[in-house]
Amino acid sequence: MNTEVIMLVEDNQDDATLTIDALQANHIRNKIFLAKNGVEALDYLFGQGVYEGRSPIQLPVLMLLDLKLPKVDGLEVLRRVRADEHARLIPIVILTSSNEDEDRLKAYSLGTNSYVRKPVDYDDFLRVAGQLGQYWLSVNEPPYNR
């Protein structure tokens with residue numbers, strides 16, 4: 001298994017399981033850290049709360065971020081990550097069921113790298129997850145060396 005971490009921020013367990021299964025079905029072998037709400041995602045990233053002591057220097061190579069999250073929503077997570085000097089370059093893909101123009105515009109204005117609607121069909125979801133993984137982990141040149 002690859003030691004680079006993909007962070008999945010998703011409160012719906014069915015969607016989280018489907019996303020993880022889809023990534024694995026597409027031979028993406030990265031460790032996946034699942035945060036079930038915005039607070040957990042931020043605590044993990046910044047080494048605080050229950051993750052106090054975790055080095056915030058060890059950042060995920062990719063974040064898949066839902067918008068509709070409990071405690072702290074996805075747009076606020078995005079805003080805080082982009083405001084942090086060390087975390088701001090993490091590639092962030094909004095992976096959501098929202099098709100609201102306002103959500104998409106806010107996400108891009110806050111610095112998301114991509115906005116993807118979750119496909120409803122299982123086969124389409126597998127295909128999209130494979131394309132996301134292939135692009136962000138193999139094709140895209142990150143701003144830092146891995």
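Which residues does UniProt list for "domain: Response regulatory"? The unreviewed entry gives residues 5–133, and selecting that range is a convenient way to begin, keeping in mind throughout that the model on the screen is a predicted one. Over residues 5–133 the chain is 41% helix and 19% strand, and if you pick the C-alpha atoms at the two ends of this range, you will find them 12 Å apart.

**The whole chain**

Now widen the selection to the whole protein chain and colour it by secondary structure, which brings up five helices and five strands. Followed along the sequence, these elements come in the pattern β-α-β-α-β-α-β-α-β-α. The radius of gyration of the protein chain is 14 Å, close to the 15 Å that the globule rule gives for 146 residues, so the chain is as compact as a globular protein of that length. Its C-alpha atoms fill a box of roughly 40 × 35 × 30 Å along the principal axes, and 47% of the 146 residues count as buried. Of the contacts in the chain with a separation of 6 or more, 62% are between residues 24 or more positions apart.

If you switch on the surface, about 7,900 Å² of the protein chain is exposed, with carbon and sulfur atoms supplying 48% of that area. Colouring by charge shows 16 positive and 22 negative side chains, and the centres of these two sets lie 3 Å apart.

**Asp-66**

Select Asp-66 next, where the unreviewed UniProt entry places the feature "modified residue: 4-aspartylphosphate". You will find Asp-66 in the loop between strand E3 (62–65) and helix H3 (74–83). Is Asp-66 buried or exposed? With a relative accessible area of 5%, under the 20% cut-off, Asp-66 counts as buried. To see what surrounds Asp-66, display Val-9, Glu-10, Asp-11, Gly-74, Leu-95, Thr-96 and Lys-118, which are the residues it touches when those up to four places away in sequence are not counted.

**Ile-6 in strand E1**

Move to strand E1 (residues 2–9) and select Ile-6, which is buried at 1% relative accessibility. Leaving aside neighbours within four places in sequence, Ile-6 is in contact with Ile-28, Asn-30, Lys-31, Ile-32, Phe-33, Val-61, Leu-62, Leu-64 and Leu-137. For a sense of scale, draw a line from the C-alpha atom of Ile-6 to that of Leu-126, a residue 120 positions away in sequence, and the distance in space comes to 17 Å.

**Ser-98 and Ser-114**

From there, go to the loop between strand E4 (92–96) and helix H4 (101–109), where Ser-98 is placed. Ser-98 is buried, its relative accessible area being 6%, and among residues that are not within four places of it in sequence, Ser-98 touches Leu-67, Asp-103, Tyr-115 and Arg-117.

Ser-114, the following stop, belongs to strand E5 (residues 114–117) and is also classed as buried, with a relative accessible area of 16%. With neighbours within four places in sequence set aside, the contacts of Ser-114 are Ile-92, Val-93, Ile-94, Tyr-108 and Trp-136. Between the C-alpha atoms of Ser-114 and Asn-37 there are 20 Å in space, while 77 residues separate the two in sequence.

**Tyr-51**

Select Tyr-51 in the loop between helix H2 (38–46) and E3, and show Phe-33, Glu-40, Asp-43 and Tyr-44, which Tyr-51 touches when residues up to four places away are not counted. Ala-41 is ten residues from Tyr-51 along the chain, and their C-alpha atoms are separated by 9.9 Å.

**Two loop residues with positive phi**

The tour ends with two backbone positions. Most residues other than glycine have a negative phi. His-27, however, has a positive phi of about 65° although it is not a glycine; look for His-27 in the loop between helix H1 (13–25) and strand E2 (30–35), where it is exposed, with a relative accessible area of 61%. Lys-71, likewise not a glycine, has a positive phi of about 70°. Lys-71 lies in the loop between E3 and H3, and at 69% relative accessibility it counts as exposed.

Note on methods. Residues numbered from 1 in each chain as written. Predicted model: local features only at pLDDT ≥ 70, side-chain atom pairs only at ≥ 80, totals over all residues. Heavy atoms only, no water. UniProt positions renumbered as here; feature names shortened; annotations may be inferred. Helix = DSSP H or I, 4+ residues; strand = E, 2+ residues; numbered from the N terminus. Buried < 20%, exposed > 50% of the residue type's maximum accessible area, 1.4 Å probe, protein only. Contact = heavy atoms within 4.5 Å. Rg over C-alpha atoms; globule rule 2.2 N^0.38 Å. Areas by Shrake-Rupley, 256 points an atom, 1.4 Å probe, with all protein chains shown as cover. Lys, Arg positive; Asp, Glu negative; His and termini not counted. Charge placed at Lys NZ, Arg CZ, Asp CG, Glu CD.
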